[in-house]
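User: Could you take me through the labels used for this model, and the reasoning behind each of them?

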Amino acid sequence: GLMIVTADSSFALWQDVTGRDLNLSDYLNRKYLQMDPPKSKLREIAVRRCTSPADLNLSLRFMELSKSLGGRLNLQYARNISIRDLRDTNAVLIGSRRSNPWVELFEARMNFVLTHDPQSGAPVFRNRSPQAGEPATYAMPGMFDVDVSEKQAVDAYALVAMVPNLSGQGAVLLVEGLTMEGTEAAGETVTNPELLGALLRRIGHKAGVPVRPFEALLKLTSVPGGYANSQVIGFRYPGK
């Protein structure tokens, strides 16, 4: 079976509004519920269970794909799973560490990591070991403003990464984007057979051989309500 873990958008929004950056341990200990007065509006944001339209769309795509392949799908919200689930199960984590803190478990060995600019608070992909011609970061043009991507076309980035699960006996697929449209682009790339085939060819995968762990960074044009021109601009194999 395959477990799909949708993002905890309330947790991400609470961090944005409060200016805090909590980790997985804080998330599991529900630290965010202890940092605001019991009746505060901020605490109300943290308590609510919300996810994004991108996560719902991608969940439907995975459901259709799983059904066509005769597989079983287990749909879960980030707040409802445990570390045991990521040890014994093949899983898809939708969202960055900020909205899906379980991603933190796999970032130590990754090259492209979605983080935040300390000055502007804008989401950026950090390139830990840039190859020739690659920048150290991939970000939206100028200071990130939600209104920008809602009103005009802008360049954005997304990541598709397949990594071993915690037992090493299965795999976890990470789907992340700087914008909701970026997350959708990454998700469609792995649920559309033609797009997935093109991605695997781009990273040098040979047909008939099991897919080994990889990271693929995508560049796309984020437009109001969608995206266009998604393409792989960088990739890594662990240890390369």
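User: Why is Tyr27 called buried?

Analyst: Tyr27 has a relative accessible area of 1%. Buried means under 20%, exposed over 50% and partly exposed in between, with a 1.4 Å probe and protein chains only, so Tyr27 counts as buried. Keep in mind that this is a predicted model, where local features need pLDDT of at least 70, side-chain atom pairs count only at pLDDT 80 or more, and totals for chains, interfaces and linings use all residues. Residues are numbered from 1 along each chain as its sequence is written, and side-chain values use heavy atoms, leaving out hydrogens and water.

User: What makes Tyr27 and Tyr32 a stacked pair?

Analyst: Happy to explain! Rings of Phe, Tyr and Trp (its six-membered ring) pair if their centres lie within 6.5 Å; planes under 30 degrees apart are stacked, over 60 edge-to-face, and the rest tilted. The structure holds seven aromatic pairs. In the pair of Tyr27 and Tyr32, the centres are 6.0 Å apart and the planes differ by 25°, hence stacked. Ring pairs also link both tyrosines with Phe11 and Trp14 into a cluster.

User: How do you know that Arg30 lies over the face of Tyr27?

Analyst: A charge sits over a ring if NZ of Lys or CZ of Arg is within 6 Å of the ring centre and within 35 degrees of the ring normal. Arg30 lies over the face of Tyr27 at 5.7 Å from the ring centre, so the distance meets that limit. Arg212 lies over the face of Tyr237, at 3.5 Å from the ring centre.

User: Why does Tyr32 count as buried?

Analyst: Its relative accessibility is 0%, so Tyr32 is buried.
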